[in-house]
Amino acid sequence: MVDAQAQVRPGGRSAKVRAAVHHAVAQLLAEEPAEALTIPAIAARAGVHPTTVYRRWGSAAQLLGDVATSRFSGDVVVPDTGTLTGDLERWLGDVATDLTDPDTLALIRATIGSGPDGGCACLGDRHEQLSAIIERERSRGGRAPEVEHAADFLLGPLYYRAIFSAQPASSDWARELVATFLAASEALAA
């Protein structure tokens, strides 16, 4: 199996090829169902030979994982409002807004459908952001829930709504979810 991270070389032709291939994936997902996403189709759209794509990523699943990791890294800023409630409300509202973008949803669905590691590529940065919010609250001296508990309670319903329902989550809905989560966390801690 080819490790996509080991195959990335900074600058020059490598960076141009990576950008062209990532752009081709985004274009194809906007135009076609995920099932139509093949290495030859991606290569043709990117203007490179399929061997170039196979050599760098190994499979469509690994390529989708790389595109998702690139797309979801750093796109939502971790807020610092001074309170856990404010930080979670703003952050979850931003994630909810991000998940209303049809191109984002197409990438998430295709990546999840590409194999067992697909979901990890879509959520890794979200877990890091949530961890930063919770650790900041602890450094302030506040009581904060465990990251995994927060991810299950906050991200689970949000991603479920975005991916499987025709009812996208709004910022108001995200704020209500945060309030319910924090109230439940306080009740469990008492």
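**View 1. The annotated stretch, residues 38-57.** According to the UniProt record, an unreviewed entry, residues 38-57 carry the annotation "DNA-binding region". What we're looking at here is a predicted model. How much of the stretch is helix, and how much is strand? Over residues 38-57 the chain comes out at 80% helix and 0% strand. Go from one end of the stretch to the other and the end C-alpha atoms sit 12 Å apart.

**View 2. Where helix α7 crosses helix α9.** Here we zoom in on α7 (residues 102-113) and α9 (residues 147-164), whose axes come within 10 Å and cross at roughly 100°. Angles of 65 to 115 degrees count as roughly perpendicular, so that is how α7 lies relative to α9. Which residues make the contact? From α7 it's L105, I108, R109 and I112, and α9 brings in Y159, A162 and I163. Sorted by class, the residues of this contact are six nonpolar and one charged, with no polar ones.

**View 3. The second largest cavity.** Now for some enclosed space: the structure holds two cavities of 30 Å³ or more, and this close-up is of the second largest, with about 40 Å³ of space. Around the second largest cavity you'll find A96, L99, T100, L158, R161, A162, P168 and A169. Helix α9 supplies the largest share of that lining, three residues. A162 is worth picking out, as this residue lines the second largest cavity and also takes part in the contact of α9 with α7. By class, the lining has six nonpolar residues, one polar and one charged.

**View 4. The second largest pocket.** Last up is an open space, the second largest pocket, which holds about 190 Å³. Its lining is made up of L84, then R143, A144, P145, E146 and H149, and finally L182, S185, E186, L188 and A189. Which helix gives the largest share of the lining? That would be α10 (residues 171-189), with five residues. The mix of classes here is six nonpolar, two polar and three charged; R143, E146 and E186 are among the lining residues.

Technical notes. Residues are numbered from 1 along each chain as its sequence is written. This is a predicted model: local features need pLDDT of at least 70, side-chain atom pairs count only at pLDDT 80 or more; totals for chains, interfaces and linings use all residues. Side-chain values use heavy atoms; hydrogens and water are left out. On a 1 Å grid over the protein atoms alone, a cavity is a set of points where a 1.4 Å probe fits but cannot get out, and a pocket is an open set with protein on both sides within 12 Å along at least five of seven lines; lining residues have an atom within 4 Å of a point. Grid points are joined across faces, edges and corners, and a volume is the space filled by probe spheres set on the points. Helices (H or I, at least four residues) and strands (E, at least two) are DSSP runs, numbered from the N terminus. Ala, Val, Leu, Ile, Met, Phe, Trp, Tyr, Cys and Pro count as nonpolar, Asp, Glu, Lys and Arg as charged, and the others, Gly among them, as polar. Axes are lines fitted to C-alpha atoms, for helices over the stretch in contact, and angles run from 0 to 180 degrees between N-to-C directions. Angles under 35 degrees count as roughly parallel, over 145 as roughly antiparallel, 65 to 115 as roughly perpendicular and the rest as oblique. Contact means heavy atoms within 4.5 Å. UniProt positions are given in the numbering used here, feature names are shortened, and annotations may be inferred rather than shown by experiment.
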